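Got the viewer open and a selection box ready? Let's take a walk through this one, stop by stop.

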Amino acid sequence: MSAQPLTTLSSPHTAGDKHQYTVAVAGNPNAGKTTLFNALTGLRQKVANYPGVTVETKSGVWALDEQSSAVVVDLPGLYSLNATSIDEQIARDVLLGRESSNTRKLPNPDVILLVVDATNLSRNLYLTTQVIESGAPVVVALTMFDLAQRSGMDIDVELLSAELGAPVVPVVARKRSGLDVLAKTVASVARSGRARHQVNVVSEKRDSEEFREILVNRYRHIEEITRKTFHRGNRAQVDLTSRIDSIVTHKVFGPVVLIAVMLLVFQTIFSWANLPMSLIENVFSQLSSFVRATLPPGLFTDLLADGVIAGVGGVLVFLPQILLLFFFISMLEDSGYMARAAFLIDRLMRGLGLDGKAFLPLLSSFACAVPGIMATRTIENRKDRFATMMVAPFMSCSARLPVYTLMIAACFSRQRVFGFLSLGVLIILTMYTLGIVVAIAVAWVLKRTILNAPAPPFVMELPIYRVPNFTNVAQTMFTSAGLFVKRAGTVILAISILLWALTAFPRAGANIAPAQQVSDSFAGRAGRFIEPAIKPLGFDWKIGIGLITSFAARETIVSTLNVVYNVGDEGQGSSSLVDTMLRAKRPDGTPVWTPLVAVSLMVFFVLACQCMSTLAIVRRETNSWRWPLFMVSYMLVLAYVASLLTFQGGKLLGFS
Amino acid sequence: MKPEATTQSDSQPLTLDNIPIGMWAHVLNVVGNGLNAMRLMEMGLVPGAPVSVVRSAPLGDPIQIRIRDYHLALRRGEARMISVILAD
């Protein structure tokens with residue numbers, strides 16, 4: 001449904017009077033593939049999902065010359081045709097022209113553009129020689145050619161081309177130099193229509209002696225090629241990288257730099273993003289009031305104001321955090337620092353059963369799980385990535401703070417521990433810790449059960465440092481924001497209209513107080529219906545309504561309580577809500593809100609996935625409803641059990 | 001962590017996880033289960049290739065090595081699969 005069919009890529013071979021070819025861009029990770037792809041296609045790119053898997057490819061159009069253009073498809077990075085992950089398998093199948101369920105919809109490329117990092121020739125040539133030997137029509141783009149030259153390396157391009165048996169074009173994608181020659185070369189190879197003669201180069205029995213021999217011989221062959229064509233220089237640029245590394249991976253300064261970088265990221269999305277976010281919220285609430293004031297009161301106006309406008313606002317409000325987080329992620333990735341951060345923290349994260357790269361997504365989730373879950377795409381290993389997604393919502397996000405604050409204001413105000421510590425602060429810290437501890441435990445269990453897999457080798461390239469490329473950064477930011485709005489936004493909008501309908505129907509009639517409307521609505525009935533189930537947690541049906549409506553977003557429970565306690569419009573500050581809450585009584589005359597109820601509710605909010613946006617983004621990132629459904633179910637069970645233990649255990653211990 | 005006991009106890013074979021930092025060595029062999037060993041070799045760690053350990057992470061693991069013209073991070077468990085001989 002959301003996956004854009006890849007058939008759109010296989011456009012007819014003539015667009016207008018121009019000939020249109022298909023070019024697949026492939027290469028090692030960090031070889032400059034993305035920069036070249038962006039330079040060739042510009043900012044107009046399409047993102048497509050492979051059916052059934054979480055791998056995405058981007059495609060764009062590249063004008064080759066007057067007569068022809070090419071649809072360029074960016075394949076996932078790979079080191080070898082011996083694929084170890086699903087991303088690599090897809091790239092391999094396209095490169096070898098294999099039919100598979102994943103590539104069936106991809107056109108067989110007319111030309112394969114292999115991106116080879118000139119500063120790291122011999123390892124890059126491993127994949128290159130594999131692909132060329134398969135008989136595929138290859139053009140080699142020798143990237144970072146300027147860097148190689150500046151560090152004194154000398155590459156005999158013509159000889160290299162002759163040795164490899166494929167045209168080699170040196171390019172500097174950032175400066176757009178060499179791109180014309182590349183276009184001409186690709187066009188002429190495409191026009192020659194060289195038939196691919198399939199050779200099975202890769203033995204599938206990977207641990208066989210035979211394969212070992214092929215591998216060693218291939219490197220021997222590569223060493224021969226580089227001995228003839230490549231002369232090492234003084235390595236100035238690599239020295240700069242080593243100098244930076246001696247600080248940022250230093251035993252003492254390394255962690256200090258890492259903490260500083262992470263604090264900056266966190267501070268930005270937790271705090272500085274609030275300004276544009278409240279701006280968006282204000283604009284949409286103004287718009288909502290404007291609609292109310294202009295249109296006659298009625299169902300349509302309600303739908304528009306409370307359902308649609310609030311829903312659209314609820315989607316767009318995520319954009320500042322997503323844009324800012326992806327700004328940092330692409331800066332960190334593009335500069336080469338991300339690999340260092342994973343290097344520093346891998347040992348710690350492995351103790352938790354997660355990948356080193358899980359740290360940033362989890363940290364981001366303290367601001368909001370939605371950008372956090374989107375950030376998991378930096379984790380290459382699929383199972384580690386899913387495990388990280390599944391535990392990310394346990395990080396206490398900023399939407400839980402209003403809930404904690406209300407509970408503390410209502411039940412723990414001005415209490416202190418040891419005379420100076422505010423009890424409220426202590427409780428909030430406990431809630432954060434609870435989330436972290438549960439996340440570690442769940443990750444541990446997941447990695448030993450449904451996400452169990454033999455650990456893939458942790459071999460991570462530490463690329464040379466580069467100044468981040470503006471186009472790459474902008475591209476990453478806007479692609480992620482666009483995908484969020486298109487793929488997750490529609491789900492969020494639909495659910496928020498549904499949740500609105502739950503409180504708006506059945507219609508209680510005109511001139512009915514909002515509290516009465518909510519109480520008689522489907523949500524109200526549902527609140528009463530679940531009351532027997534939530535009573536052991538200490539909650540009554542009014543809290544039950546809050547649990548249902550807060551599925552829109554956790555902080556919604558505060559405004560719902562405002563409505564069900566009939567606080568009214570003039571006193572929406574929390575103080576009047578707190579007063580009303582404290583006066584609320586159960587049928588037996590005991591107060592509804594006690595410290596124990598407040599703690600039980602907070603525990604519930606730490607652990608339950610009360611957030612449709614999180615589920616929508618998990619659905620989008622995993623490309624299936626299975627994972628979000630699993631997530632919401634297991635988190636609900638955990639939340640229920642923990643709240644039950646809190647409330648019943650607390651009562652046994654004599655708390656109230 | 002100790003390297004696995006071997007029969008030739010007098011000349012303990014060196015593995016990439018226990019050579020001194022900064023010193024160059026040559027890869028002798030990559031042992032161990034298929035997939036991991038192959039991936040390491042495909043990354044350029046084939047017999048004869050010069051390699052050196054640049055540093056270890058602050059928590060002792062993983063380690064950063066230099067192989068061919070680039071830097072690679074790998075865990076000590078994987079480094080232990082790579083037997084080396086020190087260069088003169």
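Start by colouring the aromatic side chains: over all chains, the structure holds 13 aromatic pairs. A pair here means rings of Phe, Tyr and Trp (its six-membered ring) with centres within 6.5 Å; planes under 30 degrees apart are stacked, over 60 edge-to-face, and the rest tilted. Select A:Tyr404 and A:Tyr432: their ring centres are 6.4 Å apart and their planes sit at 65°, so this pair is edge-to-face. A:Tyr404 belongs to helix H17 (residues 401–411) of chain A and A:Tyr432 to helix H18 (residues 423–448) of chain A, so the pair ties together parts that are 28 residues apart in sequence. Helices (H or I, at least four residues) and strands (E, at least two) are DSSP runs numbered from the N terminus. Both A:Tyr404 and A:Tyr432 are buried, where buried means under 20% relative accessible area, exposed over 50%, and partly exposed in between (1.4 Å probe, protein chains only).

A word on the ground rules before moving on. This is a predicted model, in which local features need pLDDT of at least 70 and side-chain atom pairs count only at pLDDT 80 or more, while totals for chains, interfaces and linings use all residues. Residues are numbered from 1 along each chain as its sequence is written, chains are lettered from A and ligands numbered from 1 in the order in which they are written, and side-chain values use heavy atoms, with hydrogens and water left out.

**Next: an aromatic cluster**

Select A:Phe386, A:Phe394, A:Trp627, A:Phe630 and A:Tyr634, which form one aromatic cluster. Inside that group, zoom in on A:Phe630 and A:Tyr634, both in helix H27 (residues 626–652) of chain A and four residues apart, about one turn of the helix. Buried or partly exposed: which is A:Phe630? With a relative accessible area of 30%, A:Phe630 is partly exposed, whereas A:Tyr634 counts as buried at 14%.

**Arginines over rings**

Now show A:Arg340 with A:Tyr465: the arginine lies over the face of the ring, 4.2 Å from its centre. Then try A:Arg528, which lies over the face of A:Trp541 at 4.1 Å from the ring centre. The rule for a charge over a ring is NZ of Lys or CZ of Arg within 6 Å of the ring centre and within 35 degrees of the ring normal.

**Zoom out to chain A**

Switch to cartoon and you'll find 27 helices and 13 strands in chain A. Of its 656 residues, 55% are buried. Pick helix H26 (residues 612–622) of chain A: it is mostly covered, with 11 of its 11 residues buried. Charged residues on that list include A:Arg619, A:Arg620 and A:Glu621. Just after H26(A) comes A:Asn623, with a positive phi near 60°.

Turn on a surface: the accessible surface of chain A comes to about 27,700 Å², 63% of it belonging to carbon and sulfur atoms. Those areas come from the Shrake-Rupley method with a 1.4 Å probe; for residues, only the protein chains shown count as cover.

**Backbone oddities**

Go to A:Asn30, where phi is positive at about 70° although the residue is not a glycine. You'll find A:Asn30 in the loop between strand E2 (18–27) and helix H1 (33–41) of chain A, partly exposed at 36% relative accessibility. A:Arg176 also has a positive phi, near 55°; this one is exposed at 52%, in the loop between strand E9 (168–170) and helix H6 (179–192) of chain A.

Hop to chain B for a cis peptide bond, from B:Asp61 to B:Pro62, with omega near -5°. B:Pro62 is in the loop between strand E3 (50–56) and strand E4 (63–67) of chain B.

**A sheet built from two chains**

Stay with those strands: E3(B) and E4(B) pair in the antiparallel sense over five bridges, and B:Ser52 has B:Arg66 in E4(B) as its bridge partner. Strands pair if DSSP finds at least two bridges between them. Widen the selection to the seven-strand open sheet, antiparallel, in the order E13(A)-E5(B)-E4(B)-E3(B)-E2(B)-E6(B)-E1(B). At its edges are strand E13 (459–462) of chain A and strand E1 (14–15) of chain B, each pairing on one side only.

**Last stop: the interface**

How many residues does each chain bring to the contact? Chain A brings 45 and chain B 34, a contact being heavy atoms within 4.5 Å. The area buried between the two chains is about 3,600 Å², with 59% from carbon and sulfur atoms. Finish by selecting A:Arg212, A:Phe343 and A:Val459, which supply 17% of the area chain A buries against chain B, more than any other three residues. Buried area is the accessible area (1.4 Å probe) that two parts lose on being put together, summed over both.
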